[in-house]
Amino acid sequence: MTDTAPEPTLLADYAPFPFTVEQVALTFRLHPQHTRVLSRLSLKPTTEGQPLHLHGENLTLISLSLNGAPLPDIAPDAEGLTIPAALLPATAFTLEAEVEIAPETNTALEGLYMSGGIYCTQCEAEGFRKITFYPDRPDVMAPFRVRIESDMPVLLSNGNPAASGPGWAEWVDPWPKPAYLFALVAGDLVAHSASFTTRSGRATPLNIWVRPGDEDRCAFAMDALQRSMAWDEQVYGREYDLEVFNIVAVDDFNMGAMENKGLNIFNSKLVLASADTATDTDYERIERVIAHEYFHNWTGNRITCRDWFQLCLKEGLTVFRDQQFMSDMRSAPVKRIEDVLTLRARQFREDMGPLAHPVRPDAYVEINNFYTATIYEKGAEVIGMLKRLVGDAGYKAALDLYFDRHDGDAATIEDWLKVFEDATGRDLAQFKRWYTDAGTPRLAVEDDWQDGTYTLTFRQETPPTPGQPDKPPRVIPIALGLLAPNGDEVLPTTVLEMTEGQQSFRFEGLSARPVPSILRGFSAPVVLDRTAPPGERAFLLAHDTDPVNRWEAGRGLAKEVLARMVTEGAEPAADLLAGLEAVVRDECLDPAFRALCLRMPAEDDMAQTLHASGVVPDPDAIHAARKRLQLALAQRLAPVLPGMIASLANNGPFDPGAAAAGQRALRLACLGLLTRLDGGEAATRAHAQAGNMTDSLGALSCLLDAGRGAAELTAFHQRWQGNRLVIDKWFMVQVLHAAPDRLAEVATTLTRHPDFDWKNPNRFRSVMGALAENHAGFHHPSGAGYRLLADWLIKLDAVNPQTTARMSTAFETWTRYDTDRQAQAQGALQSIAARPGLSRDTGEMVGRILK
Ligand code: PHE
Ligand code: ZN
């Protein structure tokens, strides 16, 4: 651990910056080792007698002057520099600084760095201070002028192109912005170009910049961008506001993508796609992230965050918007089910462990550690609840008011809630707890039927989370439907508003005891604790009119069955198999939906569920039970599988749309089951015939599950050598599908492969991220999985703290398991914590996980 625990930053300590920055002018003289950054800041005090603090890290100060007069006595410390109040004029002044930085050796990928010969930047959250001295905080917004001097052919920055000549270019961004939205790119790039005419008639050039040779894999991203721009106009009334929109793809990137004003920078895996190199999952992610970053132009850029505690203000809202977009572009219920799966797998997991924190935290050590599922996914859920509570018209009125009132502001969650209160007249004091209180509420429900009256009684309780022992009740929107015993809907979806710790709702005038469909559409991010009477879940799986709850019924049933198989050695239950068979055979149902129903709960999800019900999960038993259930399902479906696989095959040209992707998903789900029966015969054929990456990788996964696929792996590597994104898949698939006993060995061997370029975050994640996702393998009783990951995290921390810290969350569930496993995991975590010189990022995470 770091020698002295760093002091946390507190929400309660917020104070405005005592100066305004009226203009920023930057000049970059690019050089891999000796880049010079010249800055001219026009500053104006807003409070008298305050010193000027500027952030700055790892900068070599060359010169500093105020109104043209050098300041030779000011020396920066590790965090920046301070100019005493006594040296500052009482009115506007100009501060000029020249610093030197070395992009080539910047392996942390924060600030100005190089990726495959391309200069690029990443400034969110606090990377700008690694470029020059500046008040690097989101509430300081200023217009930027940027001049780039370099012999690279393409020179880009934010805003509009102003002028250029051989070896230089100037950009002007008219919209005041915080420094975290600054970006610069210089490289040998080619553009895939198109244009979009905004609703007020401005034809806007759109460019996706990539390395030469990649330009034929940009069409899908461009199409997604054009659709996003149109959607934001139609649904939110938001128009693009610059003369050009640029996207750049780089191979080395810590996260998915970044919404820099007018110049989004993307991890290349979220841009580049062609049928033979990208899977349907890749296409879907590209569409979503292109939309997400574009939507930030209004929710994040035009209206930004006052401080980083308000991160969900832009991220929760922008995720909510990208989810709405995706459900408009594709199938709404399928999209919702996928979002629920992600929420549970990532956010519920976080909320139930040592890293639980509120959607709006009130303290952090390293802000990079708070780009979490809670801020993003739960942040989006909270907005979904708000929309459900105020209705579509109320939501629209509130959002119009938000854009109207706060355009150009650095806003807070209080501002956000106030527009809803003002637009709808609703008091949101209790609702605010969703932002301030961590933890996933558990919602217990009991029902009663008497004299034609049906009563549902709910009890809510939120388990304690770190630093928050007591949780007052929250307002929970519970979408409910009631079905008659014949399957007819007797109460269409109605939203109950629960505000008390315990609350009953009565339904009168029913002729028979109804079957409740509770939490339709997953109307609140809670765990529903219902001991369903026998047959209820199977009934809902067959009859629920709400597709999300129909899926949820099957899911709940599968979890019940798996839990009994794990804890009591029960047999796979016939009602589950029959229910799934009916769904799979029902050709009226969307293939994507049927594929989701066939997908068994993940092993980590089962461990989470068992742990929450007081059982110590045994990863090996879960793994074995899941396989037995799949085998039983395969046997049950044996007569239909070959026919379905044949009929779902498509020999036409590849179509990345949702319908065709759904067919491929169902076909691969069937192939996975058939592999349990034929040992991989059909998968071998499917792999040989695969005409796209989805089918190829899907069949290869089946083969690896069946203990085959060696020849196919070799051929795959040979064919795709040199294509980084596809080789990532080659690494990942082997780790994900390794037998638990062999996982550490397989992963270790892969780390010795010449292509294991571990400093590239995508490549590192393709092995080490997959290692942690192989549940039974990672939690192998030998502790080999834990140790392997810990050793590599230690190694990576020295070059890239941010990605290391993020990946340490693989350990966040360690206290769920038996004492032997706990001891192994704890030892691995302690070996990281004990490392001299450990980064603040990783130190904070490992410290919180170990607590
Ligand atoms: N703001 C980015 C997004 O959500 C995520 C990001 C954060 C990227 C920090 C890089 C660094 O779109
Ligand atoms: Zn975002």
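**Sheets, ligand shell and backbone geometry in a predicted model**

Strand 26 (residues 476–483) and strand 29 are paired in the antiparallel sense over four bridges, where strands are DSSP runs of E of at least two residues, helices are runs of H or I of at least four residues, both are numbered from the N terminus, and two strands count as paired if DSSP finds at least two bridges between them. The model is a predicted one, in which local features need pLDDT of at least 70 and side-chain atom pairs count only at pLDDT 80 or more, whereas totals for chains, interfaces and linings use all residues. Residues are numbered from 1 along each chain as its sequence is written, while chains are lettered from A and ligands numbered from 1 in the order in which they are written.

Within the pairing of strand 26 and strand 29, L480 stands opposite I518 of strand 29. These strands belong to an open sheet of three strands with the order 27-26-29 and antiparallel pairing. Strand 27 (489–498) and strand 29 (515–518) form the edges with a single partner strand each, so one side of each has no neighbour in the sheet. From one strand to the next, the twist averages 25°, with axes taken as lines fitted to C-alpha atoms (for helices over the stretch in contact) and angles running from 0 to 180 degrees between N-to-C directions. The UniProt record, through an unreviewed entry, places the feature "domain: Peptidase M1 alanyl aminopeptidase Ig-like fold" at residues 439–530; UniProt positions follow the numbering used here, feature names are shortened, and annotations may be inferred rather than shown by experiment. The span 439–530 is 0% helix and 53% strand, and its end C-alpha atoms lie 19 Å apart. By comparison, residues 536–851, covered by the UniProt annotation "domain: Peptidase M1 alanyl aminopeptidase C-terminal" (unreviewed entry), are 72% helix and 0% strand, with the end C-alpha atoms 41 Å apart.

A further open sheet, of four strands, has the order 9-10-15-12 and antiparallel pairing. Its edges are strand 9 and strand 12 (154–157), each of which has a single partner strand, so that one side of each is left without a neighbour in the sheet. The twist in this sheet averages 20° from one strand to the next. Strand 9 (residues 111–115) and strand 10 run antiparallel and are joined by five bridges, with T121 of strand 10 as the bridge partner of L112. The hairpin of strand 9 and strand 10 has two residues between the strands, and in it G116 takes a positive phi near 55°. Strand 10 is also paired with strand 15 (residues 184–187), in the antiparallel sense over two bridges, and Y119 stands opposite A186 in strand 15. On strand 12, L155 likewise stands opposite A186 in strand 15, within an antiparallel pairing of four bridges.

Strand 10 (residues 118–122) is largely enclosed by the rest of the structure, because five of its five residues are buried, a residue being buried if 20 or more other C-beta atoms lie within 10 Å of its own, exposed if 12 or fewer do, and partly exposed in between, with C-beta atoms placed from the backbone. Its two faces are both covered, with I118, C120 and Q122 buried on one side and Y119 and T121 buried on the other. In strand 18 (residues 245–250), six of the six residues are buried. Strand 18 is joined by four bridges to strand 17 (residues 203–210), to which it runs parallel, and by five bridges to strand 20 (residues 263–267), again in parallel. I247 of strand 18 stands opposite I208 and has N264 of strand 20 as a bridge partner.

The shell around ligand 1 consists of Q122, E124, M255, A257, M258, E259, H292, E293, E315 and Y371, a residue being counted as near if its C-beta atom, placed from the backbone, lies within 6 Å of the molecule. Strand 19 (257–258) and helix 2 (280–295) are the elements that give two or more residues to this shell.

Turning to backbone geometry, E124 and A125 are joined by a cis peptide bond with omega of about -5°, and A125 lies in the loop between strand 10 and strand 11 (142–149). Positive phi values occur at N58, near 55°, and at D451, about 50°. N58 is partly exposed, with 14 C-beta neighbours inside 10 Å, whereas D451 is exposed, with 5 other C-beta atoms within 10 Å.
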